[in-house]
Amino acid sequence: MLKAILFDLDDTLLDWRGFNQEWPSFEQQFLRRTFDYIGQVASPLADFDAFVTEFRYRTREAWQSGRGNLIAPNLGTILLETAEVLGAARGVLTAEGCLTAYEWGAVPGTVIFPGVPETLTTIRQHGIETAIVTNASQPMWLRDQELKQHGIFDYFPKCRVSAADAGYLKPHPAIFEHTLKQLGIKPDEAVFVGDNPIADIAGAQAFGMQAVLRVSTPVPPMLSGLIVPDAAINGLPELLPILDGWYPGWRN
Ligand SMILES: [Mg+2]
């Protein structure tokens, strides 16, 4: 019996194609606010450029090792460690404080894909829970601001999981386990929808869920035939007829 649909966030619900800036220069504004916060709360750091360089180095390292061991990078930890390694007094700052100052929100140029709110409304109207599972390094409370600004926060009242919260990146089973535990359901009661063949499709299937590929970018040829989604869609509204086929009567 279908009880919940789990969605990846980036490039599944949220369209990043309109974001056309260089990430390092775009990110400076967030890092500047955290840098200023550190100066106010702990001790002023000498050099913003050194802060940025150290932050980037630590971020790169965290993602590089994360790709191997699937331990999730955590933006709050990285900011805190960057501050402390550059001389901020230990025990004064918190990861939460660094992240609050970072002040993440909806990124200019990003939009919710067409048909997303309507599809989520239909699913929820029929008593099926909806959840988000994202490979983000930001804790979910920070990305919640972004969901609110995009107007989709209320579609996920019960369960929103970021890798930073779960401790592991998709496709590691721990993040799927963490999510289904929050929902109180079993894998065969959930469908996963995502755009990444390895993280979303292979990960969800290995955990016992049906997985729907949201086709947003061409699938690398080397994966073709190795990872086979249970269904593929070009837009979220196409999910509804697939559910009709898999779970006749789910709308009753
Ligand atoms: Mg994605």
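The exercises below, each with a worked solution, concern a predicted model of a protein chain with a magnesium ion.

**Exercise 1.** Find the protein donors of the magnesium ion and describe where they sit along the chain.

*Solution.*
Step 1. List the donors. They are Asp-8 (OD), Asp-10 (O) and Asp-195 (OD), and they lie 2.1 to 2.2 Å from the ion.
Step 2. Write their spacing along the chain. The pattern is D-x1-D-x184-D.
Step 3. Place two of the donors in the fold. Asp-8 belongs to the loop between strand 1 (4-7) and strand 2 (14-15), while Asp-195 belongs to the loop between strand 6 (190-194) and helix 9 (197-206), so this pair ties together parts that are 187 residues apart in sequence.
Step 4. Check their accessibility. Asp-8 and Asp-195 are both buried.

**Exercise 2.** State which domains the protein chain has and how they are arranged.

*Solution.*
Step 1. Read the domain assignment. It gives domain 1 (4-17 + 108-246), which has two segments, and domain 2 (23-102).
Step 2. Give the separation. The C-alpha centres of domain 1 and domain 2 are 28 Å apart.
Step 3. Describe the contact between the two domains. Domain 1 supplies 17 residues to it and domain 2 supplies 15 residues.

**Exercise 3.** Describe the largest pocket and locate it relative to the two domains.

*Solution.*
Step 1. Start with the volume. The largest pocket holds about 950 Å³ of space.
Step 2. Turn to the lining. There are 34 lining residues, and those nearest the centre of the pocket are Asp-10, Trp-63, Asn-135, Ala-136 and Ser-137.
Step 3. Assign the lining to elements. Helix 1 (23-41), helix 2 (48-69), helix 3 (75-85) and helix 9 each give two or more residues. Helix 2 has the largest share, with seven residues.
Step 4. Sort the lining by class. It has 16 nonpolar, seven polar and 11 charged residues.
Step 5. Locate the pocket. Domain 1 and domain 2 both give residues to the lining, so the largest pocket lies between them.
Step 6. Link this to Exercise 1. Asp-10 is a donor of the magnesium ion, and Asp-10 is also among the residues nearest the centre of the largest pocket.

**Exercise 4.** Decide whether Glu-84 is buried or exposed, and name its contacts.

*Solution.*
Step 1. Place the residue. Glu-84 is part of helix 3.
Step 2. Compare its accessibility with the cut-off. Buried means under 20% relative accessible area. Glu-84 has 16% relative accessibility, so it counts as buried.
Step 3. List the contacts, leaving out residues up to four places away in sequence. Glu-84 touches Ala-89, Arg-90 and Gly-91.

How values were computed
Residues are numbered from 1 along each chain as its sequence is written. This is a predicted model: local features need pLDDT of at least 70, side-chain atom pairs count only at pLDDT 80 or more; totals for chains, interfaces and linings use all residues. Side-chain values use heavy atoms; hydrogens and water are left out. Donors are N, O and S atoms within 2.8 Å of the metal (3.2 Å for Na, K and Ca); water is not among the atoms, so sites may look incomplete. Helices (H or I, at least four residues) and strands (E, at least two) are DSSP runs, numbered from the N terminus. Buried means under 20% relative accessible area, exposed over 50%, partly exposed in between (1.4 Å probe, protein chains only). On a 1 Å grid over the protein atoms alone, a cavity is a set of points where a 1.4 Å probe fits but cannot get out, and a pocket is an open set with protein on both sides within 12 Å along at least five of seven lines; lining residues have an atom within 4 Å of a point. Grid points are joined across faces, edges and corners, and a volume is the space filled by probe spheres set on the points. Ala, Val, Leu, Ile, Met, Phe, Trp, Tyr, Cys and Pro count as nonpolar, Asp, Glu, Lys and Arg as charged, and the others, Gly among them, as polar. Domain bounds come from an automatic or database domain assignment. Contact means heavy atoms within 4.5 Å.
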